[in-house]
Structure formats: structure tokens, C-alpha cells
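I opened my notebook to look up aromatic rings and buried residues. Here is the structure I was working from.

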Amino acid sequence: MQNASGISIEMLDRGLIALDLKLSEVNLFVANVGPGSFIGCRVGVTLSKSFGFVNSKPVAGVSAFDLISAEDTVAFPSKKGEYFVRRLSSEVVRVNELPSGKLVGYGPAFAEQTYPDAARVSSLIKKIKPMKPELLLPEYLIEPSISTPKIAYRREGA
């Protein structure tokens, strides 16, 4: 069974077995809070929160930008040819054209693709701020790209 972000629960099980750990022995559950796919971020955050609640452990969130690189200017596609760009110590902006200079990230403009990677969490340990599970939320920079029906759905017999 795979969740919306493409990571299977079986992978988690295999990792715990390889480390000879039980889920209850994990001290902190960390999720990629985005930006990213609407459902993928929600699933990851929900799993971390659920594991935290069930095991009475803290949770934390890390940015997709930091999972690409915490030391570089990072860019990746938004939608309709736009990019999210995060410079160090700066707010994220959405642009039509990528800025000049050294960039890492992914999308059509990149010859070398660098995607968010959970293995980079270890380099972020000092930045991570543990919190109660109920406080962890996905970070959305734009509205989800879903549409609302022009005519309300009406069930037969209702």
C-alpha cells in the first residue's frame, strides 16, 4: 500500500527492522511540510502527527526547500511555468523567470535535478523545533489547484 506522496508504509517498516527499532522507540517524528503536492504534504504531516499522538512523542516539520539544500538558493516548479524561489534568510517568492546565479532544485530549467531528500534531515537537526503533534501543519504557499463545480452536486433522491 502506498500513500499519496509515493512513500510506502512498508518502507517505514523495513527501515525500523533494519535499525532494530520499534515505532514506540522513535523519539521524534519529522514530516516534509511543503511546499509540495497538496495531498502528499497532508498525508506526511498526518502520519507524523498520528505517530506522535499514539506514542506520546513530539513531531517536527521541515521545509521542502531545506530538504533540497539548506545552504543554497533553491527553486522548483509551482504551476503554469512559475517557480517557487527561496534565497537564504529570505521569504519564498513565486516568479515567472528564475534569477541568475547559483540555484539548486528541479524542473524544466535545471540540467541537474535535485529533489527533496529525507536523508538531508540529519543535516537539519539543529534547526528542527520539536512540538506537540496538534501544532504541526503543512505549509501552503498557494491555494490548491482544485476546481469547484459550477453546479452543486445533487444526489438522486435527496
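Before starting, I noted the cut-off I would need: a residue counts as buried when its relative accessible area is under 20%. I also noted that this is a predicted model.

**Entry 1, a first ring.** I looked up Phe29 and found a relative accessible area of 6%, so Phe29 is buried.

**Entry 2, ring pairs.** How many aromatic pairs does the structure hold? I found seven. One of them joins Phe29 and Phe51, with 5.6 Å from centre to centre and 45° between the planes, which makes the pair tilted. I then checked where the two partners sit: Phe29 is in strand 1 (residues 29-34) and Phe51 is in helix 2 (residues 38-55), so this pair ties together parts that are 22 residues apart in sequence.

**Entry 3, another pair.** For Phe76 and Phe84, the ring centres are 6.0 Å apart and the planes meet at 70°. Planes over 60 degrees apart count as edge-to-face, so that is what I wrote down for Phe76 and Phe84. Both Phe76 and Phe84 are buried. I also saw that ring pairs link these two with Phe65, Tyr106 and Tyr115 into a cluster.

**Entry 4, the nonpolar core.** Which residues make up the largest nonpolar core? I listed eight: Leu16, Val26, Phe29, Ala31, Val33, Val45, Val59 and Leu136. Strand 1 gives the most to this core, with three residues. My side note reads: in soluble globular proteins, nonpolar side chains tend to be buried together.

**Entry 5, one core member.** I looked up Val26 last. Leaving aside neighbours within four places in sequence, Val26 is in contact with Leu16 and Lys57. Of these, Leu16 is also on my core list.

Definitions and conventions: Residues are numbered from 1 along each chain as its sequence is written. This is a predicted model: local features need pLDDT of at least 70, side-chain atom pairs count only at pLDDT 80 or more; totals for chains, interfaces and linings use all residues. Side-chain values use heavy atoms; hydrogens and water are left out. Rings of Phe, Tyr and Trp (its six-membered ring) pair if their centres lie within 6.5 Å; planes under 30 degrees apart count as stacked, over 60 as edge-to-face and the rest as tilted. Helices (H or I, at least four residues) and strands (E, at least two) are DSSP runs, numbered from the N terminus. Buried means under 20% relative accessible area, exposed over 50%, partly exposed in between (1.4 Å probe, protein chains only). A nonpolar core is a set of buried Ala, Val, Leu, Ile, Met, Phe, Trp, Tyr and Cys residues joined through side-chain atoms within 4.5 Å. Contact means heavy atoms within 4.5 Å.
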